[in-house]
Amino acid sequence: MHRILKFFNFVKKEPHLAISFFLAPIIVFIIILLRPIIKLRVGFLRSDRLGHFAANTELYLCEKIANKKSRKEIDLFYFPSKLCNDHIGLMCKKKLIVLPKFFLRSTDLLLRSYKFFKPLRALEHRGGDRDIDHLFDRYVSNFQLTKEDEKKGQKILNDFGLPDNIKFVCVTVRDSAYLNWLYEEEGEHHESRNSDIDDYLDSLEDIANKGYYVFRMGKIVEKKIVSKNPKIIDYASSEIRSDFMDVYLGAKCEFCISTSTGFDAIPFIFRKPIVYLNMIPIGWLFTFRKEFIGICKHYFSIIDGRELNLQEIFDSGCAYSTSENFLLENGVSVTNNTKKEIKDTINEMLSYVSGEKNFNDVYSDDQKKFWSIYKKNIIKDKKFDLHGKFYSRYNSNFLNENKWFIEN
């Protein structure tokens, strides 16, 4: 009964599925009939959210290479929703067999309704959008800009008044605007992950003064960035903003500054260094690449009126939650990083991309202590699906100035 109701809910939203529903058993029968000759599987691409659309797909492709899938195994995909980025969609079609939703949606729903059909489903990388198997260190990106893409992107920048071969940084700061537009209920649920673009402005001015251009990214944002510096470009509110340019800029930037939101998946799949600021929850830190540096929001005990250290955050039960209501129910509140912490973390990344430091440098004692506590809790909580080996760095200056944070 549950499966029937679920199907009718889909049909209510997409009436054409009523027709394709009758084709689904026939398609499944044909797939089973062909298995001795060729193994067909059906799956969908997470086309509604940029982070999953780009990262999940890239990781699937890397895993396919790693597992040396036989030519007799063919996966058929479809886009279940409107594309969040048309250019990523075009790139997917060059790498995968993507068929119209009409032919595969009902078949996919049928396959996912029964466990014994699991061998017929094209499954995602086991880590979702997280490179827990460190595939990115082993393989180049499956998504590459063509020569035509390079020329097109440079021409758009030139027409906008920017010279050739500029060095630039992409900045994406999470707010409620996009999710409130896409899913009305989602924005409130992720409210604790948001922060204010104004808190980053001092750091962006500093980056621009060091010779970089700065592109503030975003498809829909709550407010514009206010700066008189010609090198700070509010791309999200500009005339050159497009799905193509999102990909072009993400692929060509020196590094990305993010609060862990959809756009950063583009520099992520192009193997760019990323600074993660105002991260929450702390248990979700992106730990699997040396080129990542991060810092989390501050967790406070409402009862004790003080900030929690790393071990206490895990002990509070809030280390894996993005729900503000859940945090409050457990007596915890979160506050944003200070402007100094934002600048310190970005400056740490600048020291690496400038060559002053090397991503292969040995961890300091503070880093070793932080990751020792972190790893111990990940193992205890059995959150292996979020992490592989721990390669990234936590804000070094913060750890040096706040020894209490890494006390056991």
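These legends describe an overview and four close-up views of a predicted model.

**View 1. Overview of the predicted protein.** The fold has 16 helices and 13 strands. Its radius of gyration is 23 Å, close to the 22 Å that the globule rule gives for 408 residues, so the protein is as compact as a globular protein of that length. Along the principal axes, the C-alpha atoms fill a box of roughly 65 × 55 × 40 Å. Of the 408 residues, 54% count as buried. Many contacts span the chain: among those between residues at least 6 apart in sequence, 72% join residues at least 24 apart.

**View 2. Surface and charge of the protein.** The accessible surface comes to about 19700 Å². Carbon and sulfur atoms account for 54% of that surface. The side chains include 63 positive and 55 negative ones. The centres of these two sets lie 8 Å apart.

**View 3. An open sheet of three strands.** The strand order is β11-β10-β12, and the pairing is antiparallel. Strands β11 (306-307) and β12 (332-335) stand at the edges. Each has a single partner strand, so one side of each is left without a neighbour in the sheet. Strand β10 covers residues 298-301 and pairs with β11 over 2 bridges. Here S301 stands opposite R306 of β11.

**View 4. V214 in strand β5.** Strand β5 runs over residues 213-216 and holds V214. Is V214 buried or exposed? Its relative accessibility is 1%; buried means under 20%, so V214 counts as buried. Which residues does V214 touch, leaving aside its neighbours within four places in sequence? They are V169, V171, L204, I207, A208, K231, I232 and I233. A longer span links V214 to I269: the two are 55 residues apart in sequence and 20 Å apart in space, C-alpha to C-alpha.

**View 5. Helix α9 and its packing partners.** Helix α9 covers residues 201-209. Its buried residues are L201, S203, L204, D206, I207 and A208. Among them, L204, I207 and A208 are in contact with V214. Where do the buried residues of α9 pack? They pack against four strands and a helix: β4 (168-172), β5, β6 (232-233), β7 (255-258) and α14 (339-353). Just after α9 comes G211, which takes a positive phi of about 105 degrees.

Key
Residues numbered from 1 in each chain as written. Predicted model: local features only at pLDDT ≥ 70, side-chain atom pairs only at ≥ 80, totals over all residues. Heavy atoms only, no water. Pairing = 2+ DSSP bridges. Rg over C-alpha atoms; globule rule 2.2 N^0.38 Å. Buried < 20%, exposed > 50% of the residue type's maximum accessible area, 1.4 Å probe, protein only. Contact = heavy atoms within 4.5 Å. Areas by Shrake-Rupley, 256 points an atom, 1.4 Å probe, with all protein chains shown as cover. Lys, Arg positive; Asp, Glu negative; His and termini not counted. Charge placed at Lys NZ, Arg CZ, Asp CG, Glu CD.
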